[in-house]
Amino acid sequence: MAAAIRVALAGAGAFGIKHLDAIRQIEGVEVVSLVGRELPKTREVATKYGIAHVTDDLDASLALPEVDAVILCTPTQMHAGQAIACLSAGKHVQVEIPLADSLQGAVAVDRLQRETGKVAMVGHTRRFNPSHQWVHRRIRAGEFAIQQMDVQTYFFRRTNTNALGQPRSWTDHLLWHHAAHTIDLFAWQTGGDIVAAHAIEGPKHPVLGIAMDMSIQAKASTGALLTLSLSFNNDGPLGTWFRYIGDTGTYVARYDDLYTGRDEKIDVSGVAVSMNGIELQDREFFAAIREGREPNASVAAVLPCYRTLDGLERLLAAGN
């Protein structure tokens, strides 16, 4: 049996716990260090998951010679800098979405990955959800072609809370976080480049300083269209719905589940070894490390998404 991959996980909040639960299902992987901003809460999580080393300093984890790889579930604004620190320390790294909150940061991570040759992957989970994988296989088999993706991403976050409704220390962003999921998925599913994109946004929150509503439209080189509506003002139901309108059918995906346009559930249980997109994402990261290959959702593969986000941000700043 191959030696275990030993992992440090930074960010013991809502998403970090999702990764810890996922890793429990994967053989040959051990979390040996947990990094968190609040040490008492971090120790509680570490005790629950049997993690020996606890710290509030990522550098302390990177200094551990036994650590092979790092998963970053930290605030968005820290992602690029921390990914660079991990690669510089000779560690493989998976960064939760988004890779960065600027194109400059994303390009810097990509450049260092190429220099080090380490596996660097981004948590673009939609590439791994069984629902989207099922659609992707139909596209690759020539059985379905996207004419339009109509996507709604809706949350109720008028206060600064995380996915568990708990207060957090950083501010989320509709463009650089939530739109990144859909823009990358659109390009991946169509197999084309995004050749046109436009965005408009609503008023900024007086305290959080971010737009609470946004509309994005894009076109792929295949001719497919994307219509994306995002809101932090929506008072339920919460989440993201993806409607694939194609030449041979219509499909609606919500996370790992998939339905026809007539609301008939499609069995996607045979698509992968799990119905958990986060687990499948982590499995890909560790498999790429073991096999010495580029993973799906590598930094290089998702970089075009961040170029599109940068262009949209420039349009919004100009008031277009």
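The sulfur of C305 sits 18 Å from the closest cysteine sulfur, the one in C73, and that is too far for a bond. Keep in mind as we go that this is a predicted model. A disulfide is a covalent bond between the sulfur atoms of two cysteines. To count as one here, the two sulfurs have to lie within 2.5 Å. By that rule, the count comes to zero disulfides. C73 doesn't make one either: its nearest cysteine sulfur belongs to C86 and is 11 Å away. Are C73 and C305 buried or exposed? C73 has 14% relative accessibility, so it counts as buried. C305 comes in at 5%, so it counts as buried too.

Let's move on to the nonpolar core. The largest one has 97 residues, and the members touching the most other members are Y244, F286 and Y306. Which helix gives the most to this core? That's helix 7, residues 174-190, with nine residues.

Y306 is a good place to stop and look around. Setting aside residues up to four places away in sequence, Y306 touches I97, P98, L99, A100, L103, A106, V122, H124, W176 and A180. Two of those names, I97 and P98, are worth a second glance, since a cis peptide bond joins them, with omega about 0°. P98 itself is found in the loop between strand 5 (92-96) and helix 5 (103-116).

There's a cis peptide bond between G236 and P237 as well, this one with omega about -10°. P237 belongs to the loop between strand 10 and strand 11. While you're in that part of the chain, look for F232, which is in the loop running from strand 10 (225-231) to strand 11 (239-246). F232 has 1% relative accessibility, so it counts as buried. Its C-alpha is 22 Å from that of D256, and the two residues are 24 apart along the chain.

Now for a pair of helices. Helix 1 (residues 14-23) and helix 8 (residues 277-291) have axes that come within 9 Å and cross at roughly 70°. The two helices are therefore roughly perpendicular to each other. As for handedness, the crossing of helix 1 and helix 8 is right-handed. Which residues make the contact? On the helix 1 side they are F15, K18, H19, A22 and I23, and on the helix 8 side I278, E279, Q281, D282 and F286. You've met F286 already, as one of the core members that touch the most others.

D282 deserves a closer look. It's a residue of helix 8, and at 0% relative accessibility D282 counts as buried. Who are its contacts, once neighbours within four places in sequence are left aside? They are H19, A22, I23, I26, I71 and Q94. Three of these, H19, A22 and I23, are also helix 1 residues in the contact between the helices. D282 also shows how the chain folds back on itself in numbers: D282 and F128 are 154 residues apart along the chain, and their C-alpha atoms are separated by 9.5 Å. Follow the chain past helix 8 and you reach A297, in the loop between helix 8 and helix 9 (299-317). A297 has a positive phi of about 70° although it is not a glycine. With 0% relative accessibility, A297 counts as buried.

D263 also has a positive phi, near 65°, and is likewise a residue other than glycine. You'll find D263 in the loop between strand 13 (257-260) and strand 14 (265-266). Is D263 buried or exposed? At 62% relative accessibility, D263 counts as exposed.

One last stop is H136, in helix 6 (residues 130-140). H136 is buried, with a relative accessible area of 13%. Apart from its neighbours within four places in sequence, H136 is in contact with W188 and Q189.

Note on methods: Residues are numbered from 1 along each chain as its sequence is written. This is a predicted model: local features need pLDDT of at least 70, side-chain atom pairs count only at pLDDT 80 or more; totals for chains, interfaces and linings use all residues. Side-chain values use heavy atoms; hydrogens and water are left out. Buried means under 20% relative accessible area, exposed over 50%, partly exposed in between (1.4 Å probe, protein chains only). A nonpolar core is a set of buried Ala, Val, Leu, Ile, Met, Phe, Trp, Tyr and Cys residues joined through side-chain atoms within 4.5 Å. Helices (H or I, at least four residues) and strands (E, at least two) are DSSP runs, numbered from the N terminus. Contact means heavy atoms within 4.5 Å. Axes are lines fitted to C-alpha atoms, for helices over the stretch in contact, and angles run from 0 to 180 degrees between N-to-C directions. Angles under 35 degrees count as roughly parallel, over 145 as roughly antiparallel, 65 to 115 as roughly perpendicular and the rest as oblique. A crossing is left-handed if the near helix is turned anticlockwise from the far one by less than a right angle, and right-handed if clockwise.
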